[in-house]
Amino acid sequence: MSTIILFRGKAGTGKTTLSNELGKRLKTAVLHKDDIYDAVAKDVFAHEARNQICFDFLYRFLETVIATQADVILDYGFNHSDDVMKFKHWIEERGGKLKTLHCICSDESTWAQRLAERSIAPKANQLITDLDKLKEHYKHVRLEFLEGELVMDTVQPVDSLMDQVFKSL
């Protein structure tokens, strides 16, 4: 059975840092949504179209992952709780298992600094580099923690967070 480990959360909360660290420790491939988004940005100009490509690719890729009973780590925001539940159902219908890890950053000054650092040389999918603008962007999004989901506050040291991840897997 394939295990799909999903790091989700808002921009700047540490998804990429933690997914890369877990990938290194497990020797498992990590698929970053931003890599796909950034790769198509030079040819596809509309944000929604870029996002659609990212999700279309994800589902096609996961069909192969599940069919081959491989494991993979995903770094995809999935901020809408309903979307995560649909995603989980889709994976389970195909015989896979989804483990979700929700990244948050409780220290707003740290979070704001992370976003500000992106403003120096933002990539195509780093559209918001200001915490107040990010909060405004997400104000109508239904953000909930899911049952059984590990919530990780990324102000904690990476080694401590990895210990939590390994205990939850």
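**Pockets, loops and a helix crossing**

Modeller: The largest pocket has a volume of about 1,200 Å³. The model is predicted, local features need pLDDT of at least 70, side-chain atom pairs count only at pLDDT 80 or more, and totals for chains, interfaces and linings use all residues. Residues are numbered from 1 along each chain as its sequence is written, and side-chain values use heavy atoms, with hydrogens and water left out.

Biologist: What makes a space a pocket, and what would make it a cavity?

Modeller: The test runs on a 1 Å grid over the protein atoms alone. In a cavity, a 1.4 Å probe fits but cannot get out. A pocket is an open set of points, with protein on both sides within 12 Å along at least five of seven lines. Points are joined across faces, edges and corners, and the volume is the space filled by probe spheres set on them.

Biologist: Which residues line the largest pocket nearest its centre?

Modeller: They are Lys 33, Gly 77, Asn 79, Asn 125 and Tyr 138, from a lining of 44 residues. A lining residue has an atom within 4 Å of a point. Several helices give two or more residues to this lining, among them helix 1 (15–26), helix 5 (108–118) and helix 7 (158–168). Helix 3 gives the most, with six residues. Helices (H or I, at least four residues) and strands (E, at least two) are DSSP runs, numbered from the N terminus.

Biologist: How many residues of each class are in that lining?

Modeller: There are 13 nonpolar, 18 polar and 13 charged residues. Asp, Glu, Lys and Arg count as charged; Ala, Val, Leu, Ile, Met, Phe, Trp, Tyr, Cys and Pro as nonpolar; the others, Gly among them, as polar.

Biologist: What lines the second largest pocket, and how do you know its classes?

Modeller: That pocket holds about 160 Å³ of space. Take its lining residues by name. Cys 103, Ile 104, Cys 105, Trp 111, Leu 143 and Phe 145 are on the nonpolar list. Gly 9, Thr 13 and His 102 are polar. Lys 10 and Glu 144 are charged. The result is six nonpolar, three polar and two charged. Strand 4 (residues 97–104) gives the largest share, three residues.

Biologist: Leu 143 is on that list. Is Leu 143 buried, partly exposed or exposed?

Modeller: Its relative accessible area is 30%. Buried means under 20%, exposed over 50%, and partly exposed in between (1.4 Å probe, protein chains only). Leu 143 is therefore partly exposed. Its place is the loop between helix 6 and strand 5 (150–153).

Biologist: Why is Lys 15 called buried?

Modeller: Lys 15 has a relative accessible area of 10%, so it meets the buried limit. It is found in helix 1.

Biologist: What makes Lys 86 exposed?

Modeller: Lys 86 is at 58% relative accessibility, so it passes the exposed limit. This residue sits in helix 4. Asp 163, in helix 7, has 46% and is therefore partly exposed.

Biologist: What is notable about phi at Lys 27 and at Gln 69?

Modeller: Lys 27 has a positive phi of about 55° although it is not a glycine. Gln 69 also has a positive phi of about 55°, and it is not a glycine either. Lys 27 lies in the loop between helix 1 and strand 2 (30–32). Gln 69 lies in the loop between helix 3 and strand 3 (72–75).

Biologist: Why are both called exposed?

Modeller: Lys 27 has 76% relative accessible area, so it counts as exposed. Gln 69 has 57%, so it counts as exposed too.

Biologist: Why are helix 2 and helix 3 called oblique?

Modeller: Their axes come within 9 Å and cross at roughly 130°. Axes are lines fitted to C-alpha atoms, for helices over the stretch in contact, and angles run from 0 to 180 degrees between N-to-C directions. Under 35 degrees is roughly parallel, over 145 roughly antiparallel, 65 to 115 roughly perpendicular, and the rest oblique. The pair falls in the rest, so it is oblique.

Biologist: Is their crossing left-handed or right-handed?

Modeller: Helix 2 passes helix 3 in a right-handed crossing. That means the near helix is turned clockwise from the far one by less than a right angle; anticlockwise would be left-handed.
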